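Here is a colleague's note to read with the model open beside you. Take the points in order and find each residue as you go.

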Amino acid sequence: MIQLRVGDLKQFVYCPRVVFYNYVMPVEKVPTFKMEHGKIAEDKIDRLEHRRKLKKYGLSGGEREFHLNLYSPKYELSGKIDLLINTVGSYYPVDFKYTTSQPHKNHIYQLLGYALILEDIYKCKVNRGFVYIIPKEDAISFDLTDDLKGKAEILLDEIRDMIALQQMPAPANSRNKCDDCEYRNFCGDIF
Ligand code: SF4
């Protein structure tokens with residue numbers, strides 16, 4: 001089975017071609033301003049988050065682990081999670097986002113990817129996760145249902161098929177997504 005990363009799931013939902021280019025036609029990428037800025041902001045939030053309480057997540061207590069490398073043998077899926085909260089056997093993935101808008105569908109699939117890995121590692125149910133919006137200092141909660149996790153599993157299969165068959169997928173479903181895309185020059189067929 002082709003090993004995948006949680007980031008692949010997120011990118012595939014954003015635009016399947018991004019994953020295609022990463023695996024089938026690897027090219028050198030130049031980090032965008034947004035990526036660089038996001039990294040600096042994440043470093044800052046790490047420092048602040050270490051001092052914060054878990055109340056903002058609606059949790060009364062628990063342990064926090066930052067930047068944890070995770071791997072699921074069952075799904076052959078890996079990822080480095082921004083924050084994992086553990087409250088006596090319940091696990092909550094948290095992803096930090098530097099954005100002023102609400103989380104999008106691809107961010108939720110990133111949480112679903114972490115949920116699949118955590119369920120495999122800890123043999124438990126992971127039914128909730130959070131996207132932490134850095135500029136607003138707000139933790140938004142998402143239900144990670146079995147139905148959604150099933151959809152994430154189907155997408156992992158689709159990604160593996162796409163890579164194995166080396167089939168160029170359809171472009172992003174909105175041209176707005178292409179504005180900041182580092183692969184814009186490779187999608188000559190749509191511009
Ligand atoms: S330019 Fe648009 S269609 Fe092409 S990879 Fe980027 S987001 Fe996808």
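1. Start where two helices touch. Y109, L112, G113, A115 and L116 in α4 meet L148, K149, A152 and E153 in α5. By class, this contact of α4 with α5 holds 6 nonpolar, 1 polar and 2 charged residues. G113 is in the polar group, because Gly is counted there. Keep in mind that the model is a predicted one.

2. Now look at the angle of that pair. The axes of α4 and α5 come within 9 Å and cross at roughly 90°. The two helices are therefore roughly perpendicular to each other. The range for that word is 65 to 115 degrees.

3. Step back to the whole chain. It has 5 helices and 6 strands. Along the sequence, the order is β-α-α-α-β-β-β-α-β-β-α. The chain has 191 residues, and 29% of them count as buried. Take the contacts in the chain with a separation of 6 or more: 68% of these come from residues 24 or more positions apart.

4. Is helix α1 enclosed by the rest of the structure or open? Helix α1 covers residues 6–14, and 8 of its 9 residues are buried, so α1 is largely enclosed by the rest of the structure. The buried ones are V6, D8, L9, K10, Q11, F12, V13 and Y14. Note that D8 and K10 are on that list, and that Asp and Lys count as charged.

5. What covers the buried residues of α1? The cover includes two strands, β1 (4–5) and β3 (77–87). It also includes the helices α2 (16–24), α4 (105–122) and α5 (146–165). Find each of these in the model before you move on.

6. One of those covering helices deserves a closer look. α1 and α4 pack at an angle of about 155°, with their axes 8 Å apart. They are therefore roughly antiparallel to each other. α1 passes α4 in a right-handed crossing. On the α1 side, the contact is made by V6, L9, K10, V13 and Y14. On the α4 side, K105, N106, H107, Y109, Q110, G113 and Y114 take part. By class, the contact of α1 with α4 has 6 nonpolar, 4 polar and 2 charged residues.

7. Next comes the pair α2 and α5. Their axes come within 10 Å and cross at roughly 45°. α2 and α5 are therefore oblique to each other. Their crossing is right-handed. P16, V19, F20, Y23 and V24 of α2 make the contact with I159, M162 and I163 of α5. The residues of this contact divide into 8 nonpolar, no polar and no charged.

8. Pick out one residue, L77, in strand β3. L77 counts as buried, because 24 C-beta neighbours lie inside 10 Å; the cut-off is 20 or more. L77 and L4 are 73 residues apart in sequence, but 4.9 Å apart in space, C-alpha to C-alpha. Leaving aside neighbours within four places in sequence, L77 is in contact with L4, V6, S72, G113, L116, I117 and L156. Among these partners, V6 is one of the buried residues of α1, and G113 and L116 belong to the contact of α4 with α5.

9. Check two backbone angles. Most residues other than glycine have a negative phi. Phi of V88 is near 40°, a positive value. V88 lies in the loop between β3 and β4 (90–97). V88 counts as exposed, because it has 7 C-beta neighbours inside 10 Å. Phi of E137 is near 50°, also positive. E137 lies in the loop between β5 (128–133) and β6 (138–143). With 12 other C-beta atoms within 10 Å, E137 is exposed; the cut-off is 12 or fewer.

10. Finish at the ligand. Which residues are around it? They are C15, R17, V18, P171, A172, K177, C178, C181, Y183, R184, C187 and I190. By class, this shell has 9 nonpolar, no polar and 3 charged residues. R17, K177 and R184 are in the shell, and Arg and Lys count as charged.

Terms used:
Residues numbered from 1 in each chain as written. Predicted model: local features only at pLDDT ≥ 70, side-chain atom pairs only at ≥ 80, totals over all residues. Near = placed C-beta within 6 Å. Helix = DSSP H or I, 4+ residues; strand = E, 2+ residues; numbered from the N terminus. Contact = placed C-beta atoms within 7 Å. Axes fitted to C-alpha atoms, helices over the stretch in contact; angles between N-to-C directions. Parallel < 35°, antiparallel > 145°, perpendicular 65-115°, else oblique. Left-handed = near helix turned anticlockwise from the far one by under 90°.
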